[in-house]
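Subject: The structure we talked about

Hi,

Here is the structure I promised to pass on. Have a look at it first, and then read on for what I found in it.

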Amino acid sequence: METLAFQKIYTKIKNITKATITIEADNIGYDEMALVDGRMAQVVKISKSEVVLQVFAGTEGISTNAEVVFLGNPPQLKVGEQLAGRFFNAFGDPIDGGPNVEGRTVEIGGPSVNPVRRKQPSQLIATGIAGIDLNNSLVTGQKIPFFADPDQPYNQVMANVALRAEADKIILGGMGLSNDDYLYFKNLFTNAGALDRIISFVNTTEDPPVERLLIPDMSLTSAEYFAVEKNEKVLVLLTDMTLFADALSIVSNRMDQIPSKDSMPGSLYSDLARIYEKAVQFPEGGSITIIAVTTLNGGDITHAIPDNTGYITEGQLFLRNDSDIGKVIVDPFRSLSRLKQLVIGKQTREDHPQVMNAAIRLYADAANAKTKQDNGFDLTDYDERTLEFAREYSLQILAIDINIDTEKMLDVTWGLFSKFFEREEVVVRQEFVDKYWVKN
Amino acid sequence: MEGENKTTGKVAGIIANLVIVEVDGPVGQNEICFIQHPESNLMAEVIKIIGDNAYVQVFESTRGLKVGTNVEFEGHLLESTLGPGILSRNYDGLQNDLDKMEGVFLKRGDYTDPLNREVKWDWTPIVKVGDVVKAGDWLGEVPENGMPHKIMVPFKFKGKFTVKSITAAGSFTVDDETAVLTDEEGNDVTTTMVQKWPVKIAVKSYKEKPRPFKMFETGVRAMDTLNPIAEGGTGFIPGPFGTGKTVLQHAISKYAEADIVIIAACGERANEVVEIFTEFPELDDPRTGRKLIERTTIIANTSNMPVAAREASVYTAMTLGEYYRTMGLKVLLMADSTSRWAQALREMSNRLEELPGPDAFPMDLTAVISSFYARAGIVYLNNGESGSITFIGTVSPAGGNLKEPVTESTRKSARCFYGLNQARADSKRYPAIDPIDSYSKYLEYPEIVESLGEKLGDSWIENVLKTKNILLRGKEAMEQINILGDDGVPLEFHKRFWNSELIDGVILQQDSFDEIDAYCPLDRQKLMLELVLDITDKDFSFGMFEDVSTFYKKITNILKQMNYSELDSDKFSTYHGELDSMINERLN
């Protein structure tokens, strides 16, 4: 963003804190961008003629006579077809050595979609991963995070989902991404020949953390361009939203705000909702689907970040290392896709909802049996059978390396039912049992 | 009132949606003002006054707002517009009609009329010239979606009025004259079908508010059978995310015995609101045969809409409820979720730099919540008729911890507690209402017990208490089995546990996505409960503990199939027969 010649230059900074500077200036708009000694900054508070600016890169080395130039607009992005295939930083500037994007300038973080202009999401996103498609089916226009511990392969699973999802555009919003992970995504997308469908906004661990705050809005503003104006099916990947929330808490702390739970700002819910609610299905066919990553601290989902996220998103996907089969699985208990009801049994086979529930119930019985076993009690015949079922079910359905279609998933599950149980033990509507039970 | 000499002011400071305005005249707490942003006027509400500085919370984004911008104060509080045509509308938290807004995206400062001013209504007068009336009395009525919509003496009118003239039956718009009333001093006032009321003040144009005295049927077994809510009662549903709060709320709003359903989607997901928009016009009201949307009004202030309007949304919903209650109608009000409303209060309190209470919530949170819940209730109107607002709010406890401030404050106000249990939800036992922890204080009201007895037979309450006891004993038995092992406890313990599992599977669990099971009318609830209790009374003999589970699983399965079948159908009786023979076989 170049400065314009006639803009007024201020050189008398009154206060400097770690993240903000205060300056006397008139006629400044709230949320407006500025350059402070060449660093991007944004107006966060105005009191009479005193303007407080948040400097994204921090204020280290800024002196009281540094040049401050107001840009006269909130953060913006140039949108156009040329975005495709490109890599940008948090301010929307290219980092891939390519030319600047030509296009229309739009403000990021724009208004919300009128709820009555939304369409109910109804299109299944098939990923081939049975732990997702069978138990937690995804739908276009949905927003769902992976809740994962830092050591789990969430970025790989997410990338797999993205590539198999048949989206018109995949937008990667990387926040605090390690350089290795950034290169992983870049190589994967390049090798898959999908680069022309990918747009990336990346803030790596080498960049100032507060800059991350712009990444989701940048990603979603470009998503809105393709979904609204080109009626495209856009998939937005946001990783890692925990680092985004951490950046929020840094800023609120430096603005002397009273923290609420877990040192997070009291507005965390609204801040996250503003982002996730950009997921939408438009009546004209375009859609924005958000798949995010929220890393957990030791699996603790009661922490304010996953907790608030869980209340906003339409479900969550949990990864768990299943030591019985030595693989990472999609945990059927704690994972949930709230929108699955819109497609299962409708776009998939009629028996899908009941089969899904019955299998999870039996898997829960197995978990109880396992507790019994661990406590040294004798197992009943039924307990033994549930344990065997659970093992097979983990291996053939829940493991993240499964790649089959939904019909096959249902057939496999019926096969397991028939192998280990009596018909009345599975508690499924009679007509489905009559139709799909595999006679041995 | 709204005089010509409006107080004006200029913007002096901006912190997110909190704006400080220097004023040149008198301003009132909670007064509404408009900030004249060059793009469009932005509505705001005064929340604090220090000297000449009015602190206002803006119901919109303040992006681009500058110091020095003109502000005009309106001289009144935030008001709802009340009149025929509210039903089946989709409003935002400030009662703007969302369908009237242009474009895909919400434009800030786009305020639309909640009513349709052109459409004509079939007016029938109720009062005669010379009648003496007061606020809330019915002047006449118009049919709204098949419901008699009473046109009342505006709630703001103080004292007694004599009807000077009343418009004869005919077809009129909402703004046409309905009556001329003369007050006690001889001044004439003209009324139309429209009136306004400040949302944060309770409408009290009724004679008295008795204790709730009859149950309110929801069609959800885990509520009606075990812990019924009263008509005009209050309840709340706390639950960690993913335990089915919203699905349960939707189920209740679909099948409850209400004339009017008002849903305040307060800071929740937009897609959930879209689900209502999409489904309710398709679904039939099982009681009237009309479409569900015809009796429903939705206040949609989804989580991405401005925070201050979120706070207003629950008050707007309550005011609409009170309006319909004063017409003698049964209103069901649902708010999802009151935690988001509390968080909106927290955000503002934080920006005002108030000293925080627990978890940074404002200190008066409990008082704010309880005075809101207190607006529900059944009332006797001036003419002896009754109307009610039954209010059910959800709470989203942070971290699923029921000891957090919003849950605790709500517990002090709401009379029914439907706690959703994570473990039940994990094992897909929906609705995940915890049968042991949940309660209904109304079961302790003698007048409710009496009315339940009249409706469902004298043994009903006894059966309900018995059911609760079986569930409790089942839980205790399970704990023993877990400690001592299957072999380590007497067979009786297994029977106790499986009796509770039977009740859980057949009565508590209900499939809200199944066409038939989704709605269980009271007579059917009675039938199933008696059927199940009858089984738990039987003295079955079992050889070993494994036989217990095998047998109970089989009969649970049959009873579930009955839940999935139409009552009085062949299918239902076939299963019934199968059940009987299986029980008899086991007894012999």
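Strand β5 (residues 39–47) of chain A and β1(B) pair in the antiparallel sense, with two bridges between them. If you want a spot to zoom in on, go to A:Ser47, which stands opposite B:Gly13 in β1(B). Please keep in mind that this is a predicted model.

That pairing belongs to the contact of the two chains, to which chain B gives 63 residues and chain A gives 62 residues. On the chain B side, the elements that give two or more residues are β1 (8–15), α3 (270–279), α5 (338–351) and α13 (545–563). By class, that side of chain B is made up of 23 nonpolar, 21 polar and 19 charged residues.

How far does the predictor trust all this? For the complex, the predictor gives an ipTM of 0.87 and a pTM of 0.92. Chain B has a mean pLDDT of 93, with 99% of its residues at 70 or more. Within chain B, confidence is lowest in helix α8 (residues 422–426), where the mean is 87, and highest in strand β24 (residues 377–380), at 98.

One residue of chain A is worth a visit. A:Asp31 sits in the loop between β3 (20–24) and β4 (33–36) of chain A. Is A:Asp31 buried or exposed? With 19 other C-beta atoms within 10 Å, A:Asp31 is partly exposed, because a residue counts as buried at 20 or more. Leaving aside neighbours within four places in sequence, A:Asp31 is in contact with A:Gln42, A:Val43 and A:Pro74, and also with B:Arg63 and B:Gly64 of the other chain. A:Ala41 is ten residues away from A:Asp31 along the chain, and 9.7 Å separate their C-alpha atoms.

Now the domains, beginning with chain A. The domain assignment divides chain A into domain 1 (9–70), domain 2 (76–107 + 140–313) and domain 3 (352–436). The centres of domain 1 and domain 2 of chain A, taken over C-alpha atoms, are 27 Å apart. Where these two domains of chain A touch, ten residues of domain 1 are in contact with seven residues of domain 2. The domain 1 side of that contact has five nonpolar, four polar and one charged residues.

For chain B, the domain assignment gives domain 1 (8–77), domain 2 (121–193), domain 3 (215–440) and domain 4 (457–587). Between the C-alpha centres of domain 1 and domain 3 of chain B there are 31 Å. In that pair, 13 residues of domain 1 are in contact with seven residues of domain 3. Strands β4 (41–50) and β5 (53–58) of chain B are the elements that give two or more residues to the domain 1 side. The residues on this side of domain 1 of chain B divide into seven nonpolar, three polar and three charged.

Chain B also has a sheet that is nice to trace strand by strand. The sheet is open and has four strands, in the order β12-β11-β9-β14, with antiparallel pairing. Why do β12 (147–152) and β14 (170–172) of chain B each have one side without a neighbour in the sheet? Both stand at the edges and have a single partner strand, so one side of each is left free of a neighbour there. On average, neighbouring strands of this sheet are turned by 40 degrees against each other, direction ignored.

Strand β9 (residues 121–125) of chain B is joined to β14(B) by three bridges. Among the bridge partners, B:Trp121 goes with B:Phe172, and B:Asp122 goes with B:Ser171. β9(B) is also joined to strand β11 (residues 138–144) of chain B, by two antiparallel bridges. There, B:Thr124 has B:Glu141 as its bridge partner.

Last, have a look at strand β17 (residues 195–198) of chain B, where the side chains alternate. B:Gln195 and B:Trp197 point to one face and are buried, whereas B:Lys196 and B:Pro198 point to the other and are not. β17(B) pairs in the antiparallel sense with strand β7 (residues 79–82) of chain B over four bridges, and B:Leu82 stands opposite B:Gln195.

Happy to look through any of this together with you.

Best wishes

Definitions and conventions:
Residues are numbered from 1 along each chain as its sequence is written. Chains are lettered from A and ligands numbered from 1 in the order in which they are written. This is a predicted model: local features need pLDDT of at least 70, side-chain atom pairs count only at pLDDT 80 or more; totals for chains, interfaces and linings use all residues. Domain bounds come from an automatic or database domain assignment. Ala, Val, Leu, Ile, Met, Phe, Trp, Tyr, Cys and Pro count as nonpolar, Asp, Glu, Lys and Arg as charged, and the others, Gly among them, as polar. Two strands pair if DSSP finds at least two bridges between them. Axes are lines fitted to C-alpha atoms, for helices over the stretch in contact, and angles run from 0 to 180 degrees between N-to-C directions. A residue is buried if 20 or more other C-beta atoms lie within 10 Å of its own, exposed if 12 or fewer, and partly exposed in between; C-beta atoms are placed from the backbone. pLDDT is the predictor's confidence in each residue, from 0 to 100.
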